[in-house]
Amino acid sequence: RSIQGMRPLDAAVSDVQGWQRTGPRSFYQNAGLNGGFHATPQIGDRRLTLKLFTAESVSAVGAQSSVGGVGRLKAFAAGGSAVPPCDARRVQAYRAGIVDADAIFDDLQAEVDGMTVVFRILAFVILWLGFSLIGGPLSVTPHLFPFIGSWLAGLTRCIVGAIAFLCALSWWSLFTALAYLFYKPLLGLVLLAAAAAAAAAAV
């Protein structure tokens with residue numbers, strides 16, 4: 001939870017009710033095997049350890065506001081567009097120490113870029129898996145043929161996997177290209193060409 005004040009650790013310690021102190025930041029609550037109250041920790045007691053992280057100076061990105069004469073920072077809406085349709089996002093960030101605003105925005109952009117890469121990879125894997133499942137029944141059909149059925153089944157699985165890969169690449173490239181056409185048209189056109197080539201190869 002958020003604790004305000006110049007001495008947050010003292011405030012946090014004062015809020016701990018019904019716990020016995022075992023150290024500057026450690027507490028225990030009677031719930032041992034023997035039951036009842038005991039002055040020292042026992043096996044089965046609940047243990048609570050407080051960890052607080054502070055800094056002499058904090059850099060922040062946000063919109064200034066005042067509540068009851070006290071200045072505060074709140075999130076502000078940034079970005080958004082009508083074409084392509086994109087909602088604005090609320091931005092608020094804090095960094096320990098003295099950090100330049102450009103550096104904070106670079107960190108936020110790096111986080112967004114990292115998540116984008118993860119979701120793109122995940123989307124491709126899901127597409128590939130989906131097309132593989134669609135073609136899955138075809139890989140067991142060769143078992144109907146005696147003697148060579150098992151060999152043909154293995155070959156069929158490889159062929160189905162390859163076609164599923166090309167179909168997934170085609171659809172993934174198509175939707176990624178539609179997003180890039182608004183921001184990086186050249187890359188979008190390249191992805192459209194890749195989508196068309198993958199679709200032609202799959203067919």
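**Salt bridges and a nonpolar patch around helix 2**

The count comes to 2 salt bridges, a salt bridge being a side-chain nitrogen of Lys or Arg within 4 Å of a carboxyl oxygen of Asp or Glu. The structure is a predicted model, in which local features need pLDDT of at least 70 and side-chain atom pairs count only at pLDDT 80 or more, while totals for chains, interfaces and linings use all residues. Residues are numbered from 1 along each chain as its sequence is written, and side-chain values use heavy atoms, with hydrogens and water left out.

Side chains of opposite charge can pair when their charged atoms come close. One such pair is Arg 95 with Asp 107, whose closest N and O atoms are 3.6 Å apart. This pair links distant parts of the chain, with Arg 95 in strand 9 (residues 93-96) and Asp 107 in helix 2, 12 residues apart. Helices (H or I, at least four residues) and strands (E, at least two) are DSSP runs, numbered from the N terminus. Arg 95 also meets the side chain of Glu 111 in a salt bridge, at 3.7 Å from N to O. Here again distant parts of the chain are linked, Glu 111 lying in helix 2 and Arg 95 in strand 9, 16 residues apart. Taken together, Arg 95, Asp 107 and Glu 111 form a network of salt bridges.

Both acidic partners can be placed on the accessibility scale, where buried means under 20% relative accessible area, exposed over 50%, and partly exposed in between (1.4 Å probe, protein chains only). Asp 107 is partly exposed because its relative accessibility is 35%, and Glu 111 is likewise partly exposed, at 48%.

Helix 2 (residues 101-134) is also the place of Leu 122. Leu 122 joins Met 115, Phe 119 and Ile 126 in a nonpolar surface patch of about 410 Å². Patches are made of residues with over 30% relative accessible area and no salt bridge, with like charges joined within 9 Å and nonpolar side chains (Val, Leu, Ile, Met, Phe, Trp, Tyr) within 5 Å. With a relative accessible area of 43%, Leu 122 is partly exposed.

Turning to the chain as a whole, there are 5 helices and 9 strands, following the pattern α-β-β-β-β-β-β-β-β-β-α-α-α-α along the sequence. Of the 203 residues, 21% are buried. The chain exposes about 14,600 Å², and carbon and sulfur atoms supply 66% of this area; accessible areas come from the Shrake-Rupley method with a 1.4 Å probe, and for residues only the protein chains shown count as cover.
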